[in-house]
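This briefing sets out salt bridges, helix packing and the surroundings of one aromatic residue, arranged by topic for a reader who has the coordinates at hand.

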Amino acid sequence: MKNRRLVVATISVLSSLFAGAQSTPAQQWVDRTYKTLTDDEKIAQLVIIRAYSNKGVEANVVNDIKRFNVGSICFFQGGPVRQAQLTNYYQGIAKTPILITIDGEYGLGMRLDSVTKYPYAMTLGAVTDASLVYQTGKAIGAQHKRLGVHVDYAPVVDINNNPNNPVIGFRSFGEDKYRVARNGIAFMKGMQDAGIMATAKHFPGHGDVDVDSHLDLPVINKTRAQLENLELYPFRELIKAGVQSVMVGHLSVPSIDNGKNRATSISKNAVNGLLRKELGFDGLTFTDALEMKGVAKYFPGGTIAVEALIAGNDMLCLPESVEGTIKAVKDAIKQKRLTWQDIEQKVRKVLLAKYNLGVTNQPIAINNLLNDLNSETDAVRKKWRKRL
């Protein structure tokens with residue numbers, strides 16, 4: 001009996017020590033932060049709102065931060081110093097540190113004045129030296145880091161295989177799937193080595209369309225075998241290489257989901273099925289902008305947000321309204337289409353990403369900002385000119 005008690009006591013002590021060892025600083029921060037959130041704020045942590053640094057402090061942005069505690073901001077047009085000042089202000093009024101994102105496929109110069117642009121993806125794809133693509137990705141990542149941006153919605157790993165495509169073109173690394181994958185991996189690793197989350201887009205592949213998903217829902221009539229052979233190849237390779245997030249596009253692909261007007265961004269078959277289970281991706285998923293007509297035309301208001309979460313997405317990019325999204329999600333929970341456990345799992349995932357990316361309320365230093373942002377652009381562009 002004495003020996004048995006000793007064994008039980010030993011197991012108990014070891015179990016306690018093991019449990020303590022599993023409680024990392026990251027998990028402790030996530031637990032502590034999650035407990036501070038109201039139900040509405042939990043849902044709002046999954047929402048990305050739009051902001052412009054050329055419009056000054058926007059009342060709607062302030063409202064969404066103060067009233068709902070939104071999880072993320074995506075900056076669009078403006079200037080670097082103004083964006084830094086606004087980021088400092090918005091982070092300063094936020095209850096929970098905000099994930100700052102930007103669609104900067106060829107650097108901050110894509111969106112911000114006075115920042116030198118890096119080469120387009122099509123230019124990067126024209127050379128065989130992946131190390132130079134890596135250097136470019138790392139330099140772009142360093143730019144973002146300096147400006148307090150945490151996620152860049154890049155690289156585009158769509159294959160440019162339709163000359164009538166109105167929206168991809170020079171944003172792609174090219175027509176060859178191997179080159180697209182190789183350069184996509186190099187660019188992604190460069191950014192992530194600089195501490196910025198890269199995003200492979202637009203899953204499952206936006207290259208072979210002749211309709212702009214900003215305007216309507218493109219249809220891709222390809223078999224699964226055809227998709228596996230071409231469109232999905234770069235995504236598979238980037239997932240294996242460790243890309244931290246994927247953006248799901250608004251595409252109708254009947255061989256994946258034949259539901260009426262069922263875009264991949266709101267398809268459980270596409271996100272939970274193909275992307276998560278078949279391709280094994282366990283990182284963050286972002287929807288493409290939910291204001292785009294590819295989905296908004298067919299699923300109005302907060303309906304899109306609910307469908308996107310049910311499909312398996314983590315973050316909702318630019319829904320029609322934060323308030324409408326919160327209401328629609330809570331209604332869906334009452335209807336048992338979603339559960340609070342679903343929301344908790346996604347919120348904790350987002351909070352963990354924030355911790356790992358170093359998202360804080362610490363202000364960005366404004367002094368010498370523009371010079372810092374442009375410090376590497378000329379040297380990198382010079383290397384490209386020598387290769388082309």
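Helix α3, which spans residues 39–44, holds both Asp39 and Lys42, and these two lie three residues apart, about one turn of the helix. Their side chains meet in a salt bridge with an N to O distance of 3.6 Å, in a model that is predicted. The points below take up the exposure of this pair, then salt bridges that join distant parts of the chain, then two helix packings and finally Phe170.

**The pair within α3**

- Asp39 has a relative accessibility of 37% and therefore counts as partly exposed, since that class lies between the limits of 20% and 50%.
- Lys42, its partner in the salt bridge, has a relative accessible area of 13% and is buried, because buried means under 20%.

**Salt bridges between distant parts of the chain**

- The count of salt bridges comes to 25, and two of them, described here, link distant parts of the chain.
- Arg67 forms a salt bridge with Glu323, and the closest N and O atoms of this pair are 3.0 Å apart.
- Arg67 belongs to helix α4 (residues 59–68) and Glu323 to helix α14 (residues 322–334), so that the pair, 256 residues apart, links distant parts of the chain.
- Arg67 is partly exposed, with a relative accessible area of 47%, and Glu323, at 45% relative accessibility, also counts as partly exposed.
- Glu105 and Arg171 meet through their side chains in a salt bridge, with 2.7 Å from N to O.
- Glu105 sits in the loop between β3 (99–102) and α6 (121–124), while Arg171 sits in the loop between β4 and α8, 66 residues apart from Glu105.
- Both Glu105 and Arg171 are buried, and they take part in a network of salt bridges that also links Asp103, Arg111 and Lys201.

**Packing of α4 with α14**

- The helices that hold Arg67 and Glu323 pack at an angle of about 35°, and the axes of α4 and α14 are 10 Å apart.
- In this contact Asp64, Arg67 and Phe68 of α4 meet Val322, Glu323 and Ile326 of α14.
- By class, the residues in the contact of α4 with α14 are three nonpolar and three charged, with no polar residue.

**Packing of α2 with α15**

- Helix α2 (residues 25–35) packs with helix α15 (residues 340–356) at an angle of about 125°, and their axes are 9 Å apart.
- What orientation do α2 and α15 have to each other? They are oblique, because an angle of about 125° falls between the limits of 115 for roughly perpendicular and 145 for roughly antiparallel.
- The crossing of α2 and α15 is right-handed.
- On the α2 side the contact involves Pro25, Ala26, Trp29, Val30, Asp31, Thr33 and Tyr34, and these meet Glu344, Val347, Arg348, Leu351, Leu352, Lys354, Tyr355 and Asn356 of α15.
- By class, the contact of α2 with α15 has nine nonpolar, two polar and four charged residues.

**Phe170 and its contacts**

- Phe170 lies in the loop between β4 (151–152) and α8 (177–193), the loop that also holds Arg171.
- With a relative accessible area of 40%, Phe170 is partly exposed.
- Leaving aside its neighbours within four places in sequence, Phe170 is in contact with Tyr106, Tyr120, Ala121 and Met122.
- The C-alpha atoms of Phe170 and Leu373 are separated by 24 Å, and the two residues are 203 residues apart along the chain.

How values were computed:
Residues numbered from 1 in each chain as written. Predicted model: local features only at pLDDT ≥ 70, side-chain atom pairs only at ≥ 80, totals over all residues. Heavy atoms only, no water. Helix = DSSP H or I, 4+ residues; strand = E, 2+ residues; numbered from the N terminus. Buried < 20%, exposed > 50% of the residue type's maximum accessible area, 1.4 Å probe, protein only. Contact = heavy atoms within 4.5 Å. Axes fitted to C-alpha atoms, helices over the stretch in contact; angles between N-to-C directions. Parallel < 35°, antiparallel > 145°, perpendicular 65-115°, else oblique. Left-handed = near helix turned anticlockwise from the far one by under 90°. Nonpolar A, V, L, I, M, F, W, Y, C, P; charged D, E, K, R; others polar. Salt bridge = Lys/Arg side-chain N within 4 Å of Asp/Glu carboxyl O.
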